[in-house]
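Here are some short exercises on reading a protein structure. Try each task before you read its solution.

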Amino acid sequence: MQVGLTASSDKTSSQECERSCHCKYDYHSPNKSAVFPSTVMSSSSVVYLLLTLISLTLPSTCLPSESSSTATENTHVATNGLPFPWSKLRLPNYIIPVHYHLLIHPNLTTLRFNGSVKIEIDVKNNTNWVVLHSKNLEITAATVLDESEANLFDKALPVLDYPPHEQIAIFSPTILTSGEKYFLYLEFSASLNDGFFGFYKSSYKTTEGQTRVLASTHFEPTSARMAFPCFDEPNFKANYSVRIRRGPSHIALSNMPIEHTVELDNGLFEDRFEASVQMSTYLVAFIVCDFKSVSKRTVTGIDVSIYAVPHKWHQTHYALEAAVKLLEFYETYFNIYYPLPKLDLIAIPDFQSGAMENWGLTTYRETSLLYDPDVSSTSDKLWVTMVIGHELAHQWFGNLVTMEWWNDIWLNEGFARYMEFVSVEATYPQLKVEDYLLDTCFAAIGRDSLNSSRAISCSVENPTQIKEMFDTVSYDKGACILHMLRHFLTDDVFQSGIVRYLRKFKYRNAKNEDLWDSLVNTCSEEDFTSGQYCYSDTQATKNAYRFVGEHIDLKKMMCTWTLQKGIPLVTVKRQGTKLYIEQERFLKTVQPSDPLWQSMQTGYLWHIPLTYKTSHSNNEMRHILQIKSDVLVLDEDVDWVKFNTDMNGYYIIHYDAEGWNVLIELLKVNHSAVSFKDRANLIHNAFQLVTAGRLTLDQALDLITYLKSETHNVPLLQGLGYLESFYKMIEKRNIADITQNLKTYILQYFRDVIDKQTWSNEGTVSDRRLRSELLSLACDLGYTPCLEKAKHFYQTWVTSNGTISLPSDVTETIYMVGAQDENGWQYLLEKYGVSMSEAEKCKFLAALASSKDSSKLLRLLELGMEGSVIRTQDLSTLIYTVARNPAGHFLAWNFVKKNWNKLVEKFQLGSFSMRNIIIGTTAQFSSKEELANIKDFFDSIKEQSSQLRVTQVAVENVEKNILWLERNLETLRMWLQQRLN
């Protein structure tokens with residue numbers, strides 16, 4: 001998917017990387033917002049049930065993993081007041097689903113659906129109970145069939161419902177015998193969900209203004225149970241045979257192609273789909289809509305189709321080209337054919353996340369799939385390409401091989417995030433996707449340098465905790481450590497290792513250590529093997545656990561990166577030809593002088609694949625740092641040393657005073673002596689160290705004075721980004737002299753590069769990205785030539801009634817300037833309401849949210865909450881955008897506090913939308929009063945906030961901002977005065 005019991009410490013199996021995941025939640029907190037129907041049972045059913053409850057202590061009918069004493073201690077009460085026979089959040093493993101036969105009939109007029117499911121089950125232990133998942137479904141019938149599909153009972157079986165665990169239990173009066181084949185048959189109905197999970201309703205308006213309704217699914221991570229009763233855990237893989245009933249004006253889509261269609265007596269049609277491969281419940285998908293499509297066949301015969309609302313059909317062609325090219329790339333790279341006969345990609349008008357990898361039927365936000373050459377920017381094109389690359393990577397990583405449990409979701413998401421870069425670099429090199437990998441790792445470090453971070457692999461149980469796992473750590477840090485590993489092993493060894501992993505575990509589930517085992521064992525089929533390692537003559541050249549002459553335990557090494565939280569800081573001190581290196585945990589909110597420092601450092605140790613270059617080296621040098629400190633000896637005296645070559649490693653480097661001074665001078669005199677990635681890495685490290693109180697701000701600012709001669713957009717935008725973030729924070733604090741001086745400095749110092757930018761779509765992707773960012777910043781800072789040019793474009797566009805095409809890379813900047821007066825704002829709001837392009841609407845909305853009029857900002861937030869003019873899916877982004885506006889940051893936070901319960905109802909606690917809202921609003925604060933306000937609010941919703949890790953992140957972010965201002969405000973004031981005078 002395209003960017004959350006009293007838990008004991010999650011200890012790793014390895015002593016060297018034993019670490020607590022700090023996942024301390026109440027596993028048994030019920031979901032208070034859920035409403036569950038009571039199951040109506042006949043009196044005879046109740047008698048059956050009571051008899052069974054009495055007999056639960058008998059060995060023949062006892063649930064296999066529950067002793068009678070444990071069952072008594074952990075009695076849970078079903079909605080009808082009777083004891084529920086299972087006390088755990090995870091389902092029992094004594095009944096295994098084999099094949100689901102699913103019938104679904106949505107009514108797009110009444111907005112309800114009904115259905116039935118016949119589940120072939122494999123019984124591993126004798127039992128009277130079948131426990132599975134169901135949420136908000138009314139179960140209208142339940143029975144068990146024998147191997148010949150004959151009813152075992154002449155009456156409907158009783159169903160117990162336990163909403164806090166989203167489970168139901170079906171009681172069988174006859175013992176279901178181990179080794180026998182049975183079918184569980186259930187009938188159910190429910191309303192189509194109003195939100196974005198389960199089987200939910202979406203809608204769009206035609207060009208004539210008519211509203212059309214469709215029904216679509218989104219099940220990851222735990223919402224298949226909202227669409228049909230199922231064993232809704234990733235390790236319960238099964239086959240699915242789906243039937244969908246629909247009207248004649250609609251089409252039905254599911255994971256597999258339609259086998260045949262039957263016309264029913266009542267004017268309905270029933271589409272019957274081919275049986276699926278084995279897959280987890282969260283990958284099942286079905287949609288009923290009236291969309292149009294474009295199609296193309298790959299060289300290996302896979303039919304690829306792009307679906308969209310009919311009037312956006314012309315925006316699907318780029319996605320089709322990209323999907324075919326990327327699918328063919330993955331088949332070659334993974335050396336495994338895509339296993340289904342078709343792949344559909346469909347743009348859903350209402351969609352919370354960026355996209356979802358349902359096997360054979362991937363679903364997307366319109367902005368993540370549709371590309372309109374007339375209004376979409378080069379950044380929009382890159383985004384569409386990367387999201388498709390992400391979801392198609394999942395067809396192997398996640399779908400073919402699935403993590404065993406959600407604690408290892410990074411095996412899905414970290415790989416898919418990294419393969420975005422690998423696949424797009426190979427298929428669309430002109431998009432320069434490698435420029436964005438650094439930003440991905442910078443984002444991961446931002447989170448990982450807080451104490452509130454978590455380990456990549458971390459214990460989770462309930463749905464809220466599981467949703468929170470879809471975060472920067474799983475996606476971005478996961479991608480960055482894979483990049484480090486690929487560079488460490490070499491491309492070929494890395495590729496052969498992951499192909500081995502995919503082949504070994506296809507159609508199965510895997511754990512963290514299974515990946516390391518596949519990468520360690522670099523044997524090919526023809527090699528003679530003994531145990532875990534190869535002993536062939538060719539092995540020495542492809543040995544995955546040998547690095548610059550050092551034998552490495554790869555599993556132990558990678559354990560230090562996935563089973564402990566945080567990021568290492570490596571300090572480097574040079575004395576002659578000796579380099580004294582030492583590692584510690586990097587923290588931005590705690591310093592060595594703080595009482596908590598030692599406890600936050602104890603036990604942390606990484607196996608770090610260090611790389612470095614010197615003034616006298618042509619090649620990269622390497623060393624594994626596996627201990628706290630070490631000494632490296634250079635062959636000769638050198639002028640400078642730069643560690644973490646091209647930022648291929650996931651760690652921060654801190655040099656001694658002389659080391660930094662030499663590098664600062666190097667950039668001023670000959671910045672091209674190191675690569676653009678190394679320059680961006682130096683800038684990033686310097687300002688991260690400033691935030692942690694390890695480097696003075698004036699040193700970091702001196703380092704970026706070379707940027708006047710920088711020609712590459714990545715380091716230039718990295719340096720400018722820090723200056724802009726300082727400006728935004730200080731502007732919100734109303735510190736007038738520094739705000740004005742910093743604005744003056746930016747515009748004076750970067751005036752030449754700003755003035756070179758043309759208001760066009762010309763140049764490379766890098767040129768166009770730089771133009772978009774620089775002109776947006778210049779106009780935001782009130783640079784007169786920028787404002788005048790933008791106003792001219794805006795007036796010309798308004799005069800044409802929006803019919804002329806603006807340069808797409810600067811369109812948003814033009815709109816933002818136009819939105820600053822009453823007429824301009826109103827005109828943009830009107831245009832937003834009628835635009836047929838979601839990419840264009842995003843630009844309109846960003847411009848509307850840039851207004852300095854707080855009443856207009858409040859109106860936008862209210863429109864987002866209401867959901868008709870501004871879709872609810874865009875509300876979390878809107879709140880974040882308003883919060884970034886100095887005129888809106890208090891407004892946005894107060895809006896969130898006032899509407900908290902409504903927001904949770906819309907987006908679900910733990911979802912990335914709720915995380916974006918919390919982080920987006922609180923990250924703007926930097927005073928102790930604001931910190932107290934945030935803590936007070938989190939205390940007032942403790943029942944919910946105690947379940948969330950993101951509230952700890954929010955508090956620590958504000959603490960970080962407070963510390964930054966205390967340490968650096970006066971230094972910044974003095975530095976600016978010296979430069980401007």
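**Exercise 1. The seven-stranded sheet**

Task: Work out the strand order and find the edges of the open sheet of seven strands.

Solution. This is a predicted model. Start with the order, which is β6-β9-β4-β3-β12-β15-β14. The pairing is mixed. Next, take the two ends. β6 (138–145) and β14 (258–263) each have a single partner strand, so one side of each is left without a neighbour in the sheet. From one strand to the next, the twist averages 15 degrees.

Now step in from one edge. β6 is joined to strand β9 (residues 181–191) by seven bridges. These two strands run antiparallel. For one opposite pair, take Ala141, which faces Glu187 in β9.

**Exercise 2. The three-stranded sheet**

Task: Which strands are the edges of the open sheet with the order β5-β8-β7?

Solution. Look for strands that pair on one side only: they are β5 (127–133) and β7 (159–162). The pairing in this sheet of three strands is antiparallel. Its twist averages 25 degrees from one strand to the next.

Then check a pair. β5 and strand β8 (residues 167–176) are antiparallel, with six bridges. Within this pairing, Leu132 has Ile168 of β8 as its bridge partner.

**Exercise 3. A strand with two partners**

Task: Describe how strand β21 (residues 361–365) is covered, and how it pairs with β19 and β20.

Solution. Begin with cover. Five of the five residues of β21 are buried, so count the strand as mostly covered.

Take the partners in turn. Strand β19 (residues 342–348) pairs with β21 in the parallel sense, over five bridges. Strand β20 (residues 355–356) pairs with β21 in the antiparallel sense, over two bridges.

Now look at Tyr364 in β21. It is the bridge partner of Ala347. Tyr364 is also the bridge partner of Ala355.

Last, the turn. β20 and β21 form a hairpin, with four residues between them. Gly360 in that turn has a positive phi of about 85 degrees.

**Exercise 4. The length of a helix**

Task: Check whether the span of helix α14 (residues 676–691) agrees with its residue count.

Solution. Count 16 residues. At 1.5 Å a residue, they should span 22 Å. The end C-alpha atoms of α14 are 23 Å apart, which agrees.

Add the surroundings. Of the 16 residues in α14, 16 are buried. Just after the helix, Gly693 has a positive phi of about 75 degrees.

**Exercise 5. Two helices in contact**

Task: How do the axes of helix α27 (residues 900–907) and helix α28 (residues 912–922) cross, and which residues make the contact?

Solution. The two axes come within 9 Å. They cross at roughly 145 degrees. On the α27 side, the contact uses Trp900, Leu903, Val904 and Phe907. On the α28 side, it uses Ser913, Met914, Ile917 and Ile918. Sort these by class: seven are nonpolar, one is polar and none is charged.

**Exercise 6. The surroundings of Phe895**

Task: Is Phe895 buried or exposed, and which residues does it touch?

Solution. Place the residue in helix α26 (residues 889–898). The cut-off for buried is under 20% relative accessible area. Phe895 has 6% relative accessibility, so it counts as buried.

Leave out residues up to four places away in sequence. Phe895 then touches Leu858, Leu861, Glu862, Met865 and Ile879. Take Ile879 from that list. Phe895 and Ile879 are 16 residues apart in sequence, and their C-alpha atoms are 8.6 Å apart.

**Exercise 7. The disulfides**

Task: How many disulfides does the whole structure hold, and which cysteines do they join?

Solution. Recall that a disulfide is a covalent bond between the sulfur atoms of two cysteines. A search of the whole structure finds two.

One joins Cys441 to Cys480, with an S to S distance of 2.1 Å. The angle about its S-S bond is -115 degrees, and the link is left-handed. Cys441 lies in helix α6 (residues 434–448) and Cys480 in helix α8 (residues 472–489), so the pair ties together parts that are 39 residues apart in sequence. Both Cys441 and Cys480 are buried.

Another joins Cys779 to Cys786, at 2.0 Å from S to S. Its torsion is about -100 degrees, so this disulfide is left-handed. Cys779 and Cys786 are both buried.

Terms used:
Residues numbered from 1 in each chain as written. Predicted model: local features only at pLDDT ≥ 70, side-chain atom pairs only at ≥ 80, totals over all residues. Heavy atoms only, no water. Pairing = 2+ DSSP bridges. Axes fitted to C-alpha atoms, helices over the stretch in contact; angles between N-to-C directions. Contact = heavy atoms within 4.5 Å. Nonpolar A, V, L, I, M, F, W, Y, C, P; charged D, E, K, R; others polar. Expected span 1.5 Å × (residues − 1). Buried < 20%, exposed > 50% of the residue type's maximum accessible area, 1.4 Å probe, protein only. Disulfide = S-S within 2.5 Å.
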